[in-house]
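Biologist: I've got a protein chain open on my screen and could use a hand finding my way around. Can we take it question by question?

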Amino acid sequence: MDKVQRTEAQWREMLTPDEYQVLREAGTEAPWAGEYTNTKVEGVYRCRACGAELFRSGEKFESHCGWPSFYQPASGDAVELIEDRSLGAVRTEVRCERCGSHLGHVFEGEGYPVPTDQRWCINSISLTLEPAAGLRVIRAGETSGDTAQTPGMTRAAAISGAQVGARSLWMGTRRR
Ligand SMILES: [Zn+2]
(Lines give C-alpha, C1' and ligand atoms only; values in the text may rest on other atoms or scores of the structure.)
Protein backbone atom coordinates (compact mmCIF):
# COMPACT_ATOMS: atom_id res chain seq x y z
CA MET A 1 0.00 0.00 0.00
CA ASP A 2 1.35 3.42 -0.96
CA LYS A 3 1.85 5.66 2.05
CA VAL A 4 0.28 9.07 2.06
CA GLN A 5 2.71 11.71 3.23
CA ARG A 6 1.77 15.34 3.74
CA THR A 7 3.21 18.18 5.77
CA GLU A 8 1.30 19.24 8.86
CA ALA A 9 0.50 22.50 7.04
CA GLN A 10 -1.16 20.50 4.25
CA TRP A 11 -3.15 18.43 6.75
CA ARG A 12 -4.30 21.63 8.46
CA GLU A 13 -5.59 22.88 5.16
CA MET A 14 -7.42 19.63 4.32
CA LEU A 15 -8.99 18.89 7.69
CA THR A 16 -11.33 20.87 9.92
CA PRO A 17 -9.78 22.05 13.21
CA ASP A 18 -11.65 19.28 15.10
CA GLU A 19 -10.53 16.59 12.65
CA TYR A 20 -6.95 17.89 12.79
CA GLN A 21 -6.89 17.80 16.57
CA VAL A 22 -7.86 14.12 16.71
CA LEU A 23 -6.22 12.77 13.55
CA ARG A 24 -2.91 14.67 13.66
CA GLU A 25 -2.55 15.52 17.35
CA ALA A 26 -3.94 12.26 18.79
CA GLY A 27 -6.85 13.97 20.47
CA THR A 28 -10.01 12.20 21.62
CA GLU A 29 -13.53 13.33 20.84
CA ALA A 30 -15.96 13.54 23.76
CA PRO A 31 -17.79 10.27 24.51
CA TRP A 32 -21.26 9.85 22.91
CA ALA A 33 -20.57 12.95 20.80
CA GLY A 34 -19.36 11.29 17.62
CA GLU A 35 -21.69 10.73 14.70
CA TYR A 36 -21.02 6.97 14.40
CA THR A 37 -21.22 5.86 18.04
CA ASN A 38 -24.58 4.08 17.60
CA THR A 39 -24.63 3.74 13.82
CA LYS A 40 -25.70 0.35 12.49
CA VAL A 41 -25.70 1.23 8.79
CA GLU A 42 -24.03 -1.44 6.70
CA GLY A 43 -20.89 -0.25 5.00
CA VAL A 44 -17.20 0.45 5.17
CA TYR A 45 -15.47 2.92 7.45
CA ARG A 46 -12.64 4.78 5.76
CA CYS A 47 -9.90 7.00 7.14
CA ARG A 48 -11.22 10.58 7.22
CA ALA A 49 -7.75 11.82 6.30
CA CYS A 50 -6.71 9.55 3.42
CA GLY A 51 -9.70 7.34 2.51
CA ALA A 52 -8.06 3.98 3.33
CA GLU A 53 -10.52 1.21 4.26
CA LEU A 54 -10.11 0.65 8.00
CA PHE A 55 -13.17 -1.03 9.52
CA ARG A 56 -16.40 -2.72 8.43
CA SER A 57 -19.91 -2.46 9.86
CA GLY A 58 -20.07 -6.25 10.31
CA GLU A 59 -17.36 -6.06 12.96
CA LYS A 60 -18.85 -3.10 14.83
CA PHE A 61 -20.47 -3.92 18.15
CA GLU A 62 -22.25 -2.16 20.99
CA SER A 63 -19.66 -1.60 23.68
CA HIS A 64 -21.61 1.18 25.46
CA CYS A 65 -18.33 3.03 25.91
CA GLY A 66 -19.31 6.15 23.98
CA TRP A 67 -17.19 5.61 20.88
CA PRO A 68 -17.62 3.41 17.81
CA SER A 69 -16.20 -0.01 18.69
CA PHE A 70 -15.05 -2.78 16.41
CA TYR A 71 -13.69 -6.20 17.30
CA GLN A 72 -11.13 -6.17 14.52
CA PRO A 73 -9.89 -3.94 11.71
CA ALA A 74 -10.79 -4.58 8.06
CA SER A 75 -7.33 -6.06 7.65
CA GLY A 76 -4.21 -6.33 9.76
CA ASP A 77 -2.16 -4.09 7.53
CA ALA A 78 -4.76 -1.30 7.47
CA VAL A 79 -3.65 -0.14 10.88
CA GLU A 80 -0.45 0.52 12.77
CA LEU A 81 -0.17 -0.08 16.52
CA ILE A 82 1.94 2.07 18.80
CA GLU A 83 2.59 1.82 22.51
CA ASP A 84 1.08 4.88 24.18
CA ARG A 85 2.35 5.74 27.67
CA SER A 86 0.46 9.02 28.06
CA LEU A 87 -2.11 9.41 30.87
CA GLY A 88 0.03 7.27 33.18
CA ALA A 89 -1.00 3.94 31.69
CA VAL A 90 0.21 1.78 28.85
CA ARG A 91 -2.31 1.74 26.06
CA THR A 92 -2.08 0.68 22.45
CA GLU A 93 -2.66 3.52 20.05
CA VAL A 94 -4.20 2.75 16.64
CA ARG A 95 -3.10 4.73 13.63
CA CYS A 96 -3.93 4.52 9.94
CA GLU A 97 -1.14 2.55 8.30
CA ARG A 98 -1.44 4.54 5.10
CA CYS A 99 -1.22 8.11 6.40
CA GLY A 100 -0.20 7.77 10.04
CA SER A 101 -3.28 9.57 11.37
CA HIS A 102 -4.51 8.80 14.88
CA LEU A 103 -7.69 6.71 15.04
CA GLY A 104 -8.09 5.63 18.66
CA HIS A 105 -6.92 2.79 20.93
CA VAL A 106 -7.34 -0.97 21.10
CA PHE A 107 -8.09 -2.78 24.36
CA GLU A 108 -8.03 -6.50 24.99
CA GLY A 109 -9.42 -8.94 27.52
CA GLU A 110 -12.35 -6.81 28.71
CA GLY A 111 -14.83 -9.67 28.38
CA TYR A 112 -17.01 -8.32 25.58
CA PRO A 113 -18.81 -11.21 23.83
CA VAL A 114 -16.95 -10.76 20.56
CA PRO A 115 -14.77 -13.29 18.72
CA THR A 116 -11.47 -11.51 19.43
CA ASP A 117 -12.09 -10.19 22.96
CA GLN A 118 -10.77 -6.89 21.62
CA ARG A 119 -12.33 -3.43 21.54
CA TRP A 120 -11.01 -1.17 18.85
CA CYS A 121 -12.21 2.12 20.30
CA ILE A 122 -12.16 4.57 17.41
CA ASN A 123 -13.08 8.25 17.17
CA SER A 124 -16.02 8.89 14.82
CA ILE A 125 -14.26 11.98 13.56
CA SER A 126 -11.35 9.84 12.33
CA LEU A 127 -13.71 7.89 10.08
CA THR A 128 -16.03 8.38 7.11
CA LEU A 129 -18.78 5.79 6.67
CA GLU A 130 -19.38 4.68 3.11
CA PRO A 131 -22.80 2.93 3.10
CA ALA A 132 -23.08 -0.32 1.13
CA ALA A 133 -24.25 0.13 -2.47
CA GLY A 134 -27.99 0.59 -2.97
CA LEU A 135 -28.64 1.07 0.71
CA ARG A 136 -31.17 3.63 1.88
CA VAL A 137 -32.25 4.46 5.37
CA ILE A 138 -35.85 3.41 6.08
CA ARG A 139 -37.72 6.04 8.05
CA ALA A 140 -39.56 5.22 11.25
CA GLY A 141 -43.04 3.80 10.52
CA GLU A 142 -42.17 2.90 6.97
CA THR A 143 -42.03 -0.78 6.14
CA SER A 144 -40.65 -2.24 3.01
CA GLY A 145 -43.57 -4.72 2.71
CA ASP A 146 -46.36 -2.13 2.20
CA THR A 147 -46.28 -1.88 -1.55
CA ALA A 148 -46.16 -5.64 -2.06
CA GLN A 149 -49.44 -6.13 -0.14
CA THR A 150 -51.50 -4.06 -2.60
CA PRO A 151 -52.34 -6.37 -5.51
CA GLY A 152 -53.32 -4.82 -8.79
CA MET A 153 -51.68 -1.50 -8.16
CA THR A 154 -48.65 -0.44 -10.04
CA ARG A 155 -45.62 0.16 -7.88
CA ALA A 156 -45.62 3.85 -8.77
CA ALA A 157 -49.28 4.27 -7.76
CA ALA A 158 -48.76 2.43 -4.51
CA ILE A 159 -45.81 4.59 -3.61
CA SER A 160 -47.52 7.89 -4.40
CA GLY A 161 -50.65 6.72 -2.57
CA ALA A 162 -52.81 8.08 -5.41
CA GLN A 163 -56.00 6.07 -4.84
CA VAL A 164 -57.91 7.82 -7.61
CA GLY A 165 -55.12 7.28 -10.02
CA ALA A 166 -55.02 3.60 -9.13
CA ARG A 167 -58.80 3.18 -9.58
CA SER A 168 -58.88 4.80 -13.00
CA LEU A 169 -55.97 2.62 -13.96
CA TRP A 170 -58.02 -0.42 -12.83
CA MET A 171 -61.19 0.70 -14.68
CA GLY A 172 -59.13 1.44 -17.72
CA THR A 173 -58.03 -2.17 -17.68
CA ARG A 174 -61.63 -3.45 -17.27
CA ARG A 175 -62.97 -1.46 -20.20
CA ARG A 176 -60.77 -3.26 -22.64
ZN1 LIG B 1 -5.34 7.41 6.68
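Biologist: How many bridges join E5 to strand E6?

Modeller: Keep in mind that this is a predicted model. E5 covers 79–84, and E6 covers residues 91–96. The two run antiparallel, and the number of bridges joining them is 6.

Biologist: And which residue in E6 is the bridge partner of Val79?

Modeller: Val79 belongs to E5, since that strand spans 79–84. Look across to E6, and the partner of Val79 there is Cys96.

Biologist: Which are the edge strands of the sheet that holds these two?

Modeller: This open sheet has 6 strands with antiparallel pairing, in the order E3-E4-E8-E7-E6-E5. An edge strand here pairs on one side only. Read off the two ends, and you get E3 (60–61) and E5.

Biologist: What is the strand order in the open sheet of 3 strands?

Modeller: Its pairing is antiparallel too. E2 (53–56) and E9 (127–131) each have a single partner strand, so one side of each has no neighbour in the sheet. Neighbouring strands in this sheet are turned by 30° against each other on average, ignoring direction. The order is E2-E1-E9.

Biologist: Which residue in E9 stands opposite Arg46?

Modeller: Arg46 sits in E1, as that strand takes in residues 43–47. E1 and E9 pair in the antiparallel sense over 5 bridges. Opposite Arg46, you'll find Thr128.

Biologist: Now the inside. Which element gives the largest share of the largest nonpolar core?

Modeller: That core has 23 residues, and Leu54, Cys96, Trp120 and Ile122 touch the most other members. Helix H2 (17–23), E1, E2, E6, E7 (102–108) and E8 (118–122) each give two or more residues to it. The largest share is 3 residues, and it comes from E8.

Biologist: Cys96 has come up twice. Which residues does Cys96 touch, not counting those up to four places away in sequence?

Modeller: Its bridge partner Val79 is one of them. Leu54, another of the core members that touch the most others, is also in contact with Cys96. The full list is Cys47, Ala49, Cys50, Ala52, Leu54, Val79, Ser101 and Leu103.

Biologist: Last one: what percentage of the chain's residues count as buried?

Modeller: A residue counts as buried if 20 or more other C-beta atoms lie within 10 Å of its own. The chain has 176 residues, with 4 helices and 9 strands. The buried share is 24%.

Definitions and conventions:
Residues are numbered from 1 along each chain as its sequence is written. This is a predicted model: local features need pLDDT of at least 70, side-chain atom pairs count only at pLDDT 80 or more; totals for chains, interfaces and linings use all residues. Two strands pair if DSSP finds at least two bridges between them. Axes are lines fitted to C-alpha atoms, for helices over the stretch in contact, and angles run from 0 to 180 degrees between N-to-C directions. A residue is buried if 20 or more other C-beta atoms lie within 10 Å of its own, exposed if 12 or fewer, and partly exposed in between; C-beta atoms are placed from the backbone. A nonpolar core is a set of buried Ala, Val, Leu, Ile, Met, Phe, Trp, Tyr and Cys residues joined through C-beta atoms within 7 Å. Two residues are in contact if their C-beta atoms, placed from the backbone, lie within 7 Å.
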